[in-house]
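Colleague: I am new to this structure and should be grateful for a guided account of its strands. May I ask for the reasoning behind each description?

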Amino acid sequence: MSAMRVVTNTQGIVREHGIKVCMLTYSFYENDGRVKRYAESLASRGDEVDVISLRKKGQPAFETFKAVNVYRIQERTPDEKGKFSYLEKLVRFFLHSSYYLSKEHSRNPYNFIHVHSIPDFEVFAALLPKLSGCKIILDIHDIVPELYVSKFSRADNGMLFRALKTVEKLSCGFADHVIISNHIWEKKLCSRSVSPSRCTTLLNYPDPSIFFPRKRTRNDDKFIMMYPGTLNWHQGLDLAIEAFMSIAAQVPQAEFHIYGRGSELDKLREMADSAGLSSRILFQPPVRIEEVAELMANADLCIIPKRNDPFGGEAFSTKSLEFMSLGVPVIMSRTKIDSYYFNDSVVRFFEPENVSDLASAMLDLATNKTKRRLLVDNASKFVAEFSWEKKKLEYFSLVDRLTRKG
């Protein structure tokens, strides 16, 4: 049974019971800050929250985190080398989750199901619950047609690209409401797949219980640049490594720490090895979000070297706000999306895919503590306005409006 509570939200909707919620995500829950924020926020107000997600090798099939029940129904090793191996795992998860979700819903019905894309078609795993009256939110973390073009170097007018746009439109039409992860993608999505009245933009806001200013625990003379996240082509880590190589001799105390996995990992390691910098360009596997926050807080500089392609140039990087919340200055590519939200007083921009400009930015901030301090001060004011503590009330209002009876 759902936890007893009384809620009067900002629109005057009154509830006497917590609702039963399922988060459905093709991701590792403990590494997915966006899903965790939703789930933990709902659980903290008295809702009963289940998560259906992926499992890493050696992880238990079930755990509870902060009153959130996590069911890991499929093991995954992120080692896909092509689109077919990637698609096979997505389809397998769709089938597993459809069965599991239908079984759990028939046993103890959900009030609403929050489905996280990628893939968009995962929303149809909630078909049977929807037929029984359950409300469905589709949350598009990454816009899929453009991601496909970026990931597999295809044209944006090909047959498969058009098919992915059709899947996107059908998926949005099936959902009762769509959440999209930035305002540029909102405009694009509303132009082709969903009406503005059924679409809400919620950025990947940092979790304030994890990302907050703190004292450094590191006590050495190193200057650590850091990137945590996926290691795919559009993220531009090859550009960042080239830039670091060009300034390494001028900043001998500098190291570049890269946390993550992805299709470019082997290539990036080979670049570091070939340059004789494997002791200064360090690769580490992903860690839990609470652990990575501590590592980020001990970094001297964040590097976000994205390419300005149709996907990467419009994909908002949560890392930017997380590092700002921790008091770490940020160097980032002047992409379309980052120019939309930030200016030169908040971050140190460099021109996209310009290795020389990125190297200059690295050298400039590595040797100028005053500039780093100024960026940190300005960014702290910025993130005070872009906070999950403010935006979660908008999410609660949406959930309560969708699930209100009568």
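Modeller: Please note at the outset that this is a predicted model. Let us begin with strand β8, residues 135-140.

Colleague: What makes strand β8 largely enclosed by the rest of the structure?

Modeller: A residue is called buried when its relative accessible area is under 20%. Five of the six residues of β8 meet that description, so the strand is largely enclosed by the rest of the structure.

Colleague: How do you know that β7 and β8 pair?

Modeller: Pairing requires at least two bridges between two strands. Strand β7, residues 112-117, shares six bridges with β8, in the parallel sense. Within this pair, V115 stands opposite L138. Strand β9, residues 177-180, is also parallel to β8 and is joined to it by four bridges; there, V178 is the bridge partner of L138.

Colleague: Why are β13 and β16 said to stand at the edges of their sheet?

Modeller: The sheet is open and has six strands, in the order β13-β12-β11-β14-β15-β16, with parallel pairing. β13 (281-284) and β16 (348-350) each have a single partner strand, so one side of each is left without a neighbour in the sheet. From one strand to the next, the twist averages 25°.

Colleague: What makes β11 and β14 a pair?

Modeller: The requirement is at least two bridges, and two bridges join β11 (residues 223-228) to β14 (residues 301-304), in parallel. The pair therefore meets the requirement. M225 has L301 in β14 as its bridge partner.

Colleague: Which helix lies across β11 and β12?

Modeller: Helix α9, residues 289-297, does so, running at about 145° to β11.

Notes
Residues numbered from 1 in each chain as written. Predicted model: local features only at pLDDT ≥ 70, side-chain atom pairs only at ≥ 80, totals over all residues. Heavy atoms only, no water. Buried < 20%, exposed > 50% of the residue type's maximum accessible area, 1.4 Å probe, protein only. Axes fitted to C-alpha atoms, helices over the stretch in contact; angles between N-to-C directions. Contact = heavy atoms within 4.5 Å.
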